[in-house]
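Trainee: I should like to learn how to read the ligand sites of a model. Where may we begin?

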Amino acid sequence: MLDKDQTQKPWDSLWFNARVATMVAGDKPYGLIDHGAIGIIDEKIVWVGETSQVPKEQLALCQNQMDCMSALATPGLIDCHTHIVYGGERIDEFEMRLNGASYSEISKAGGGIASTVSATRLSTEDALFDSAKQRINSFLNEGVTTIEIKSGYGLDLETELKMLRVARRLGRELSLDVSTSFLGAHAIPAEFKNRSDDYIDYICRDVLPLVAADNLADSVDAFCEDIAFSAQQIERVFRCAVSHGLSLKLHAEQLSDQKGAVMAAEMGALSVDHIEYLAEDDVAVIKRNDTVAVLLPGAFYFLGETKLPPVAALRSQGVSIAISSDANPGSSPVSSLLLMLNMACTLFKLTPEESLAGVTRNAAKALGLASEVGTLEVGKLANMVLWSLENPAELSYRIGHNPCQKVMYRGKVR
Ligand code: NIG
Ligand code: FE
């Protein structure tokens, strides 16, 4: 564990006497080190091990030493699927659904995503920034250090670029890392009604190249559903994305089995998300391509879905499972990633360890960031959280409780 080059140079910070849940996959649950210590230089972790093994010279040299008093340390949390930049809210639709309308019916009647599109087009860039910043604050308070943000409420060149610029600015101005996804193929905008193929052409020809040229997106996402786009249409968008060097992600099998997840996995997608309707027989394809299965218990819960994702098959075949908030105004108005840990356990029967891996190691993988974040290991960014508790399962156990004590983001206490 000792990085030899770093034994001489004084560490900038040392956290010691922590229960360190490294979340490194292996024999020990949570990759736990009971009396652990972590040494940091600049933005990175340079040493992880037992407190009793910390090199003596560092005890003399390191200026910032913190006794964690047996509190739990974990990697900074990662929310790998959000639509947190948007205009307006959809409280009226919540009422409509409780009066009997379904999510698909509302969408077909011109509500749903389309109503957020209208509000987002009308919002200024500053207003979008300010409202998203407020929402993100709840996530920061819970120890989130990386968040993914999608576009997809613009559905025209100007607004898609606007959303992605806001997402990039959030990453520059707040103390967390933002990964962005271009979700132009989220819904068919009114201007292209009954011309979904033309809209796909428009995305590929007029929007995606500019998104890529301005480096506004890390990935390209899409919504594969009968109220959105077919697997074939999305394949065209994905080919275009790959030609611009962008990673792929997909909203797949959320409301029905469209075979989108198989298409995406075979094209090398980082993740397939939702997947309640994924056929058990298709899990092998997800595994073979090392695609992450991202489960979104907030949307499952809020839409009153009853079809469960094929968790047992994902688990038995060793697919990496991530958990995320899907924060958005229509299907998951969620402000808490910790609540998602609890719901992943209670609704999807994940274990607390699987849930925590879902917002750390596997969420990093779902964003293509596994070499930088997601575990507490030498060489990774010093993004970590100290919690006022000892047992990591408690993060999944409590409901509506936030035991976050301290957050370190890129080597600095936030
Ligand atoms: O992840 N499924 C599509 N997209 C979002 C919902 C967006 C909305 O309803 O505004 C989701 O659930
Ligand atoms: Fe989503």
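Mentor: Let us begin with the metal, bearing in mind that this is a predicted model. Along the chain, the donors of the iron ion (ligand 2) follow the spacing H-x1-H-x167-H-x74-D.

Trainee: Which protein residues are the donors of the iron ion (ligand 2)?

Mentor: They are His81, His83 and His251, each through NE2, together with Asp326 through OD. These donors lie 2.1 to 2.3 Å from the iron ion.

Trainee: Which parts of the chain does the pair His81 and Asp326 link?

Mentor: This pair links distant parts of the chain, 245 residues apart. His81 belongs to the loop between β6 (77–79) and α2 (91–98), whereas Asp326 belongs to the loop between β13 (321–323) and α13 (337–348).

Trainee: Turning to the other ligand, how many residues surround ligand 1, and which are the closest?

Mentor: Ligand 1 is surrounded by 15 residues, the closest being Arg90, Tyr103, Tyr153, Gln254 and Ser331. Sorted by class, this shell has nine polar, four nonpolar and two charged residues.

Trainee: Which side chains have a polar atom at a short listed distance from a nitrogen atom of ligand 1?

Mentor: A polar contact is a pair of N or O atoms within 3.5 Å. His186 places a polar side-chain atom 2.8 Å from a nitrogen atom of ligand 1, and an N or O atom in the side chain of Gln254 is 2.6 Å from a nitrogen atom of the ligand. For an oxygen atom of ligand 1, a polar side-chain atom of Tyr153 lies at 2.6 Å.

Trainee: How much of the accessible area of ligand 1 does the protein cover?

Mentor: Of the 320 Å² that ligand 1 has on its own, the protein covers 100%. The space that ligand 1 takes is the largest cavity.

Notes:
Residues numbered from 1 in each chain as written. Chains lettered and ligands numbered in written order. Predicted model: local features only at pLDDT ≥ 70, side-chain atom pairs only at ≥ 80, totals over all residues. Heavy atoms only, no water. Near = heavy atom within 4 Å. Polar contact = N/O pair within 3.5 Å; in protein donor to acceptor, adjacent residues only side chain to side chain. Areas by Shrake-Rupley, 256 points an atom, 1.4 Å probe, with all protein chains shown as cover. 1 Å grid on protein atoms, 1.4 Å probe; cavity = no way out; pocket = protein on both sides within 12 Å on 5 of 7 lines; lining within 4 Å. Sits in = over half its atoms within 2 Å of the grid points. Nonpolar A, V, L, I, M, F, W, Y, C, P; charged D, E, K, R; others polar. Donors = N, O, S within 2.8 Å, 3.2 Å for Na, K, Ca; no water. Helix = DSSP H or I, 4+ residues; strand = E, 2+ residues; numbered from the N terminus.
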